[in-house]
Amino acid sequence: MSDHKELSKSYDFSDVEEKWLQTWEEQHCFEAEMRDGTPSFSIVIPPPNVTGVLHVGHALNNTLQDILTRYHRMCGANTLWLPGTDHAGIATQNVVERQLSEEGMSRHDLGREKFVERVWEWRTDKGGTIINQLKKLGCSCDWSRERFTMDEGLSRAVREVFVRLYKEGLIYKGDYIVNWCPRCLTALADDEVDHEETRGKLYHLRYPFADGSGHVVVATTRPETMLGDTGVAVHPDDERYAHLKGVGIDLPLTGRTIPVVFDPHVQKDFGTGALKVTPSHDRDDYEIGRRHNLELCKVMDDHGVMNEKAGIYQGLDRYECRTKIVEDLDAQGFLERIEDYDHALGQCYRCRTVVEPTTSLQWFVKVKPLADASVEAVRSERIKIYPKTWYNTFYSWMDNIRDWCISRQIWWGHRIPAWTCITCGELIVENTDPEFCPACTSTELVQETDVLDTWFSSALWPFSTMGWPENTKELQTFYPTSILVTSFDILFFWVARMMMMGIHFMDEVPFHDVYLHALVRDKHGKKMSKSTGNVIDPLEVMGSYGTDAVRFTLTAFAAQGREIKLDEDRIEGYRFFINKIWNAARFALMHLGDCGDEVRKAVDKPAELPLVHQWILSRTAKTVDEVRTGLDEYHFNVVASANYQFIWHEFCDWYLEWIKADLYSDDETVKEQARGVLLVVLETILKLIHPVIPFVTEEIWSVLPGERRVLMREPYPERQEEWLDDTAEQQMELLMGVITGIRNIRAEADVHPSHKIDAYLANVDGDTAALIGSFSPAISDLTRLNGLTITDSSDTPDDAATYIFNDIEIFVPLKGLVDVDSELAKLGKDRSKVEASLKQVDTKLGNDKFLANAPEAVVAKEKGKKEELEARLTRIEEAEQRLHKIRA
């Protein structure tokens, strides 16, 4: 552009955001390029559930990904951020089933085929919600490549993987103990079960010896499962039970006799040392049962209702049965005692129903060989995990991994490509639907009704989304991906499984780096929940403060290994930062006008520039270095703090204030130097912080002088070695320290801004005195001085307030500038208020009952208040001392 443009007086983020979202899309700014000979950067989005709406965790996760994507795109790499959504089997099916329930129907009324059609209709109608919300957040994904875990290409990849693993002997079907949800009527993988500390009961039961010689006491939290007991286990070295070899146990209420087995896994020092064994309803018991060939006795159906093997309790819900069993045990003398007991209760991650461990015929992946290859990749640093604190957790989980149950008893999902021949029982697993049985040629084939676990298709995401099993240009260019950014809580749900599948099928890791961020909690560190009322809705705060302010806040909080405590006040505070940048740009534009490229020549020879320009260029170079290092090492909070410190405190507070006189100067050389450095530094700032706050930076960039393409296509700043100047930085720090000292004295003494004052400096060496003397006019202008005198400390006035910077003593005479009596009266009132408040806080903190019962966050708040009040009281006392000195 050549016409001079201006920025509006205030930043209207809603108009700006809408404008640039449209511009970026129209100019295809986010689309990946695959240029030969160019380094590549790629990242696949953790696919949000198609049922989802944007929550603050999504906002954090995708802001961090977008920062990295924009950064590497500006660095010139072939850059792909691949978006998509997950079909979310159980969650999506539940949503549609609720719709049907409101219509008075169930999925069974529709039948499988019609129900699946109904879910696809829902996905078409509602499934794009979160994608549109991610776009509003400013996510620069290549939206032309959006994928869905059940689209045609990914479905083909899923089938190919299943068939290959089956034929390699890594997928099998068998009876096994699984986590069963009686509400969703499906098996759940271990990592789909949430464990919540719950106050329950521990029931101690008497099991009589079959020979009538006594009894053993066993304990359980689920007495209804005793109906499925098929043994009692004790340690082989436990002499208390040595006489029970060959002697059975009469199982109460059942009329059955069960064996005693001797197993070294039993802890003989825990409780009575005897363990009831229910192989069909407890994972550990299942393993004991396998070792000792104990019978499987399943006493509940899929709905959690007691079945025919429960005898007289058949038809009772599991909890009704528990009540009745306890009553009957007590009545017949088999109940020893009941005690309160805190334990971790497993719940379905979707519907929160308490899961029931049970034996079931399921499909499994034999994961140990796959896990071993993944562990080797991490140990050899082909995959690096950030922060490093997660390595031990990863190794521990992978070393103790169990086979992965991949079948789900629902209709929405990838149906397992397995058929059973009705005639001969042959199991057929193929890439194409079979027309006849290869064993007996019968055409009576029945397909497996189960679908695959949602995480199965997600595990293929890094390569299936790029066209595998074909060897596409995308795979050649962008696989392995550069980094995976995700929340730590799905390290095992998803991250580890992507490692397994990527290494196995691509013979290469799926990503080089894994960055695990924390969960976002409220400002007190509590989990956000609707019931607590502490949820921060990112869409709401984006609407109130602007998307850039939200993005910057999340970036500022994203320190490796640190819990994120989000406070809406901080978002509001960073909105002021966005406005600060806007206002600084408006000031710059007033003076830049339509200046041409020739003004940039000012920075070509920084050593010939005045000190203030040398300083800002040096600080710019170092900030560029600090920000780039933060981005390269995933220290996002450093990226935010380095930008904030430099832009607000150095560029705005100091540089712009300092160069005002130059910008208004009649000396054209002085003016052009200031304009040139100002333009170059402002451009560098906009490029540097653009990945974090893309909207406001793009808008400001578009109105700067000269012809301009969109900012996001500009090269990212690199450190300019020729700008570095430690001497200039040291000299400016000294001058700024003197100015700050004089300003602090003015502020603390409440000297009116219109009053000019005198200042004296003592203990100043010769070189420093020369430097200060040469900048005396600038110091006087920035601090409203009549004069600045360098003197011996013995010559300083008695009525002066003092400030010490390094070894320099700063004195400002205040007699006649301050109404001492009036100021002392005001300070006296302030002192009384602070002392009263401090007394209240001390009373609270001295109350043992308060300390014992109040929430930790409340106690911490009171302690913080005490520190703040004490600091205020100290400042009041210091001000009183200064005033008394003036009056004397």
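# Notebook: strands, cores and ring pairs

I began with strand β2 (residues 78–82), which is mostly covered, as 5 of its 5 residues are buried. The model I am reading is predicted, and I keep that in mind for every entry below. I then asked myself which residues of β2 lie on one side and which on the other. Asn78, Leu80 and Leu82 are on one side and Thr79 and Trp81 on the other, and with all of them buried both faces of the strand are covered. The background I noted for this is that in a regular strand the side chains alternate between the two faces of the sheet.

Next I looked up the pairing of β2, and found that strand β1 (residues 40–44) runs parallel to β2 and is joined to it by 5 bridges. I located one bridge by residue: valine 44 has leucine 82 of β2 as its partner.

From there I turned to threonine 477, which lies in helix α14 (residues 473–478). Is threonine 477 buried or exposed? The relative accessible area of threonine 477 is 17%, and because the cut-off for buried is under 20%, I entered threonine 477 as buried. Leaving aside neighbours within four places in sequence, I listed Met34, Ser40 and Asn78 as the contacts of threonine 477; of these, Ser40 falls within the β1 range of 40–44, and Asn78 is one of the buried residues of β2.

**Two open sheets**

I traced an open sheet of 3 strands in the order β12-β9-β13, and noted that its pairing is mixed. The edge strands, each pairing on one side only, are β12 (260–262) and β13 (274–277). From one strand to the next I read an average twist of 30°. Strand β9 (residues 231–234) pairs with β12 in the parallel sense over 3 bridges, and I found alanine 233 standing opposite valine 261 in β12. Helix α8 (residues 283–292) packs on this sheet and touches β9, β12 and β13, with its direction at about 85° to that of β13.

I then went to another open sheet of 3 strands, ordered β20-β19-β21, where the pairing is antiparallel. Its edge strands are β20 (427–429) and β21 (445–447), each of which pairs on one side only, and the twist averages 30° from one strand to the next. Between strand β19 (residues 418–421) and β21 I found antiparallel pairing over 3 bridges, with threonine 420 having valine 446 of β21 as its bridge partner. Helix α7 (residues 152–167) lies across β19 and β20 and runs at about 130° to β20.

**Nonpolar cores**

Which residues touch the most other members of the largest nonpolar core? Among its 223 residues, I found these to be Phe394, Trp404, Phe456, Met501, Phe651, Tyr655 and Ile772. Helix α20 (residues 636–663) gives the largest share of this core, 15 residues. I followed phenylalanine 394 outward and, not counting residues up to four places away in sequence, recorded that it touches Val375, Val378, Ile385, Leu491, Phe492, Ala496 and Met499. I also noted a second, separate core of 31 residues, which includes Phe209, Leu244, Ile258 and Val299.

**Aromatic rings**

The structure holds 34 aromatic pairs, and I examined a few of them. The ring centres of tryptophan 404 and phenylalanine 456 are 5.9 Å apart and their planes stand at 40°, so I logged this pair as tilted. Because tryptophan 404 lies in strand β17 (residues 404–405) and phenylalanine 456 in helix α12 (residues 454–458), the pair ties together parts 52 residues apart in sequence. Both tryptophan 404 and phenylalanine 456 are buried.

I also looked at tryptophan 658 and phenylalanine 775, an edge-to-face pair at 6.2 Å centre to centre with 65° between the planes. Tryptophan 658 is in helix α20 and phenylalanine 775 in the loop between α24 (766–774) and α25 (776–783), and this pair links parts of the chain 117 residues apart. Tryptophan 658 and phenylalanine 775 are both buried. Returning to Trp404 and Phe456, I found that ring pairs link them with Phe162, Tyr166 and Trp363 into a cluster.

My last entries concern charges over rings. Lysine 245 has its charged end over the ring of phenylalanine 262, 5.6 Å from the ring centre, while arginine 743 lies over the face of tryptophan 654 at 5.2 Å from the ring centre.

Definitions and conventions. Residues numbered from 1 in each chain as written. Predicted model: local features only at pLDDT ≥ 70, side-chain atom pairs only at ≥ 80, totals over all residues. Heavy atoms only, no water. Pairing = 2+ DSSP bridges. Helix = DSSP H or I, 4+ residues; strand = E, 2+ residues; numbered from the N terminus. Axes fitted to C-alpha atoms, helices over the stretch in contact; angles between N-to-C directions. Contact = heavy atoms within 4.5 Å. Core = buried A, V, L, I, M, F, W, Y, C linked by side-chain atoms within 4.5 Å. Buried < 20%, exposed > 50% of the residue type's maximum accessible area, 1.4 Å probe, protein only. Phe/Tyr/Trp six-rings, centres within 6.5 Å; stacked < 30°, edge-to-face > 60°. Lys NZ or Arg CZ within 6 Å of the ring centre and 35° of its normal.
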